[in-house]
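This report walks through one protein model, starting at a single hairpin and widening out from there. The sequence and the structure come first.

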Amino acid sequence: MDHKKEHYREIITKAVCGKGKKFSKTTHTIKPAHRPSSILGCWVINHKYDAKRKGDSVEITGDYDINVWYSYDHNTKTDVASEKVSYKEHVPLKMRSDEVMTDDFDVIARATKQPNTVEASISKKDKEVNVEVEREFAAELVGETKISILVHPGKEDDYYRDIKWEDQVSDQELKDEIQPDFLGRRPGDFELMHDRDPKKGKDREEEVHGEKKD
């Protein structure tokens, strides 16, 4: 390797400058219309959230609907209690502060584990249901940073090494092959020039368009 031909270049690009992940559990209190006798089922739907930067963390605010299927009146009747609940989550980030060139960041947050019911139980107050929900988020900050790359001026990509450039079609050759009146022709008109028989001339042209005239 010829080290004399090597040198480094600095490139400004966008890259991940901070990232983090957080798993959490939250207990929500749902108030059904009737005093529940037992819990038959519980599920979380319609999850929506938004994220923004807060210092070296990402603040995620969102909400979802909790549906509790329960029995009441001594297990003789059933009903579903539905309630929208909101939450706020802070995901701490591990930052690469020494590589950041600007305070303008793109915030990327995704739910790696959608809110899911862990347990639903009747509270001591009897008229309420405690629902434990777990969720997990991953967050990233994308900003401008500077990186150094090693440059090999004489290095050629192996993909292009065996290409015979003299066999490639030039721009002028490609232009000569284009027929300007392409859209104005009928399907029967597309006969290559080199397929025509110069001896037959008009007769062969009539065969291409349809039946040969007598």
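In the hairpin of β6 and β7, six residues lie between the strands, and Asp126 among the residues of this hairpin takes a positive phi near 70 degrees. The model is a predicted one. The two strands of the hairpin pair in the antiparallel sense, over 13 bridges. One of the pairings links Ala111 to Phe137, its bridge partner in β7.

**Overall makeup**

The protein has seven strands and three helices. Along the sequence the elements follow the pattern β-β-β-β-β-β-β-α-α-α. Of the 214 residues in the protein, 26% are buried. The accessible surface comes to about 16000 Å², and carbon and sulfur atoms account for 47% of this area. Contacts between residues at least 6 apart in sequence can be sorted by separation: 74% of them join residues at least 24 apart.

**The open sheet**

β6 and β7 also belong to an open sheet of four strands, in the order β5-β1-β7-β6, with antiparallel pairing. The edge strands of this sheet are β5 (94-95) and β6, each of which pairs on one side only. At the β5 edge, β1 and β5 pair in the antiparallel sense over two bridges. Gly18 has Met95 of β5 as its bridge partner.

Two residues in these strands can be followed further. Ser24 lies in strand β1. With a relative accessibility of 11%, Ser24 counts as buried. Leaving aside neighbours within four places in sequence, Ser24 is in contact with Glu89, Val133, Glu134 and Arg135. The C-alpha atoms of Ser24 and Phe137 are separated by 8.9 Å, although the two residues are 113 residues apart along the chain.

Glu140 is found in strand β7. Is Glu140 buried or exposed? Its relative accessible area is 16%, so Glu140 is buried, the limit being under 20%. Apart from neighbours within four places in sequence, Glu140 is in contact with Val16, Gly18, Lys19, Asp106, Val107, Ile108 and Arg110.

**The nonpolar core**

The largest nonpolar core has 26 residues, and those that touch the most other members are Ile30, Ile60, Tyr64, Ile66, Val68 and Val131. At least two residues of this core come from each of β1 (7-30), β2 (36-54), β3 (57-72), β4 (77-92), β6 (106-122) and β7 (129-151). β3 gives the most, with seven residues.

Which residues does Ile66 touch, not counting those up to four places away in sequence? They are His28, Ile30, Cys42, Trp43, Val44, Ala81, Ser82, Glu83, Val85, Val131 and Val133.

**Aromatic residues**

The structure holds four aromatic pairs. One of them joins Tyr70 and Tyr72 in a tilted arrangement, with 6.0 Å centre to centre and 45 degrees between the planes. Tyr70 and Tyr72 are both buried. Tyr49, Tyr64, Tyr87 and Phe137 form one aromatic cluster. A charge also meets this cluster at Tyr87: the charged end of Arg135 sits over the ring of Tyr87, 4.1 Å from its centre.

**The loop between β3 and β4**

Most residues other than glycine have a negative phi. Against that background, Asp73 has a positive phi of about 55 degrees although it is not a glycine. His74, likewise a residue other than glycine, has a positive phi near 60 degrees. Asp73 is found in the loop between β3 and β4, and His74 is found in the loop between β3 and β4 as well. Asp73 counts as partly exposed, whereas His74 is exposed.

The table sets out the relative accessible area of four residues discussed above.

| Residue | Relative accessible area | Class |
|---|---|---|
| Ser24 | 11% | buried |
| Glu140 | 16% | buried |
| Asp73 | 38% | partly exposed |
| His74 | 72% | exposed |

Notes: Residues are numbered from 1 along each chain as its sequence is written. This is a predicted model: local features need pLDDT of at least 70, side-chain atom pairs count only at pLDDT 80 or more; totals for chains, interfaces and linings use all residues. Side-chain values use heavy atoms; hydrogens and water are left out. Buried means under 20% relative accessible area, exposed over 50%, partly exposed in between (1.4 Å probe, protein chains only). Contact means heavy atoms within 4.5 Å. Accessible areas come from the Shrake-Rupley method with a 1.4 Å probe; for residues, only the protein chains shown count as cover. A nonpolar core is a set of buried Ala, Val, Leu, Ile, Met, Phe, Trp, Tyr and Cys residues joined through side-chain atoms within 4.5 Å. Two strands pair if DSSP finds at least two bridges between them. Rings of Phe, Tyr and Trp (its six-membered ring) pair if their centres lie within 6.5 Å; planes under 30 degrees apart count as stacked, over 60 as edge-to-face and the rest as tilted. A charge sits over a ring if NZ of Lys or CZ of Arg is within 6 Å of the ring centre and within 35 degrees of the ring normal.
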